[in-house]
Amino acid sequence: MRPPSGPGGGIGRVKERMRPRRIGVMGGTFDPIHYGHLVTAEGASCEFQLERVLFVPAGQPPHKEPGTTSPAAHRYMMTVLATLGNPKFHVSRVDVDRPGPSYTIDTLRLLQAECGEDCELYFITGADAMLEILTWKSAEELLNEWQFIAATRPGFRLEALQAHLGPLWERCRDRIFFLQIPALAISSTDIRQRVREGRSIRYLLPDPVVHYIYKAGLYGADPDAMTDDFLYGCARSAGADAGAAAETKSVAEAALPSMRRGGR
Ligand code: NAP
């Protein structure tokens with residue numbers, strides 16, 4: 001669902017040039033970031049003609065008990081690794097560096113001041129997260145002042161958000177846009193559980209992030225799970241050619257048995 005824009009030719013083109021710059025603000029806990037998030041950001045960027053998308057990992061997610069998420073430094077690092085390849089994607093430390101809960105109203109006020117009043121900010125997040133937006137700090141001001149792009153997982157029911165917003169829905173429906181993202185069948189919760197159970201998480205998130213999770217031992221990751229195939233994949237994704245990656249694999253094959261016996 002696109003926001004309104006001018007007609008294609010003549011005056012429309014002039015208007016288009018004068019149109020305020022649109023910037024996407026991709027808010028989330030990103031514990032960890034995965035392809036569902038990246039597809040959401042890319043989809044929003046194309047559909048809404050965003051100049052860039054600023055990923056903003058929450059420092060302390062307001063609705064989560066402190067200590068129940070991975071440290072912000074890890075979530076920030078994983079977000080940087082995942083977004084490096086896209087020149088339109090940037091990562092902001094605005095929430096990570098700020099003490100206390102990362103209220104979205106404060107985030108958007110700070111970013112609006114940074115980007116300038118001539119910028120239109122679009123807050124992008126999961127539609128599921130927005131189902132509780134009335135519990136957020138200064139919810140009405142948020143909905144009146146900024147635009148929202150809600151990424152929906154398969155099976156999302158719009159009526160649930162309408163019911164949550166009640167009479168506010170009619171007043172702010174022009175500023176809430178929906179984006180269907182089938183890739184959001186991937187979820188951070190599922191990825192964390194897979195790591196805990198020693199199941200594969202490859203192809204659910206970028207390889208450098210997979211590598212980081214194992215290296216940092218996040219979510220109870222077992223470094224023994226770094227099998228030869230896994231190392232081969234990581235070496236390839238880090239830019240190694242097939243020959244060098246195969247060498248990494250054979251070194252790993254030789255080293256893994258003794259590592260597993262505890263000789264690390
Ligand atoms: P969450 O409760 O962990 O996530 C709710 C759902 O939305 C999950 O299914 C989640 O999937 C999905 N989701 C979250 N961010 C997404 C994104 N950027 N794109 C697509 N799907 C996304 O929500 P959260 O991540 O902690 O919070 C979302 C944003 O809302 C953050 O920026 C947070 O600061 C803000 N928020 C603000 C307040 C407030 O101001 N009081 C309160 C709550 C949330 P995954 O688990 O797979 O990511």
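Tutor: Helices are DSSP runs of H or I with at least four residues, strands are DSSP runs of E with at least two, and both are numbered from the N terminus. This is a predicted model in which local features need pLDDT of at least 70 and side-chain atom pairs count only at pLDDT 80 or more, while totals for chains, interfaces and linings use all residues. Residues are numbered from 1 along each chain as its sequence is written, and side-chain values use heavy atoms, with hydrogens and water left out.

Student: Which residue follows helix 4, and what is the sign of its phi?

Tutor: Helix 4 is followed by G116, whose phi is positive, near 100°.

Student: How do you know that the length of helix 4 agrees with the expected span?

Tutor: The expected span of a helix is 1.5 Å times one less than its number of residues. Helix 4 has 12 residues (104–115) and should therefore span 16 Å; its end C-alpha atoms are 16 Å apart, which agrees.

Student: Which residues of helix 4 are buried, and what covers them?

Tutor: Buried means under 20% relative accessible area, exposed means over 50%, and partly exposed lies in between (1.4 Å probe, protein chains only). In helix 4 the buried residues are T104, I105, D106, T107, L108, L111, Q112 and C115. Their cover includes strand 1 (21–28), strand 2 (52–57), strand 4 (119–126) and helix 6 (139–145). As a general point, an α-helix has 3.6 residues a turn, so residues three or four places apart point the same way.

Student: Why is T107 called buried?

Tutor: T107 has a relative accessible area of 2%. The cut-off for buried is under 20%, and T107 therefore counts as buried.

Student: What makes the pairing of T107 with R98 a polar contact?

Tutor: A polar contact is a pair of N or O atoms within 3.5 Å; within protein, one must be able to donate a hydrogen and the other to accept it, and residues adjacent in sequence count only if both atoms are side-chain atoms. The side chains of T107 and R98 meet at 3.1 Å, so the distance satisfies the limit of 3.5 Å. Contact in the general sense means heavy atoms within 4.5 Å. Not counting residues up to four places away in sequence, T107 touches V56, V94, D95, R98 and S102.

Student: Why is S102 called buried?

Tutor: The relative accessible area of S102 is 4%. Since the cut-off is under 20%, S102 is therefore classed as buried. This residue is found in the loop between strand 3 (89–91) and helix 4. Its side chain reaches the backbone nitrogen of G59 at 2.9 Å. Leaving aside neighbours within four places in sequence, the contacts of S102 include A58, G59, Q60 and P62.

Student: Why does P154 count as exposed or buried?

Tutor: P154 has a relative accessibility of 54%. Exposed requires over 50%, so P154 counts as exposed. P154 lies in the loop between strand 5 (147–152) and helix 7 (158–165). It nevertheless touches I181, P182, L184 and A185, not counting residues up to four places away in sequence. P154 and A185 are 31 residues apart along the chain, yet their C-alpha atoms are separated by 6.7 Å.

Student: How do you know that strand 1 and strand 4 pair?

Tutor: Two strands pair if DSSP finds at least two bridges between them. Strand 1 and strand 4 have 6 bridges, in the parallel sense, and the criterion of at least two is therefore met. R22 has E120 as its bridge partner in strand 4, and V25 has F123. Strand 1 also pairs with strand 2 in the parallel sense over 6 bridges, where V25 stands opposite L54. Strand 4 is joined to strand 5 by 5 bridges, and these two run parallel; G126 has A151 as its bridge partner in strand 5.

Student: What makes strand 1 mostly covered?

Tutor: In strand 1, 6 of its 8 residues are buried. Strand 4 is likewise mostly covered, with 6 of its 8 residues buried.

Student: Which residues are closest to the ligand, and how much of the ligand does the protein bury?

Tutor: A residue is near a molecule if one of its heavy atoms lies within 4 Å of it. Of the 26 residues that surround the ligand, the closest are T29, H34, H37, K64 and R153. An oxygen atom of the ligand is 2.3 Å from an N or O atom in the side chain of R153. Accessible areas come from the Shrake-Rupley method with a 1.4 Å probe; for residues, only the protein chains shown count as cover. Taken alone, the ligand exposes 860 Å², and the protein buries 90% of that.
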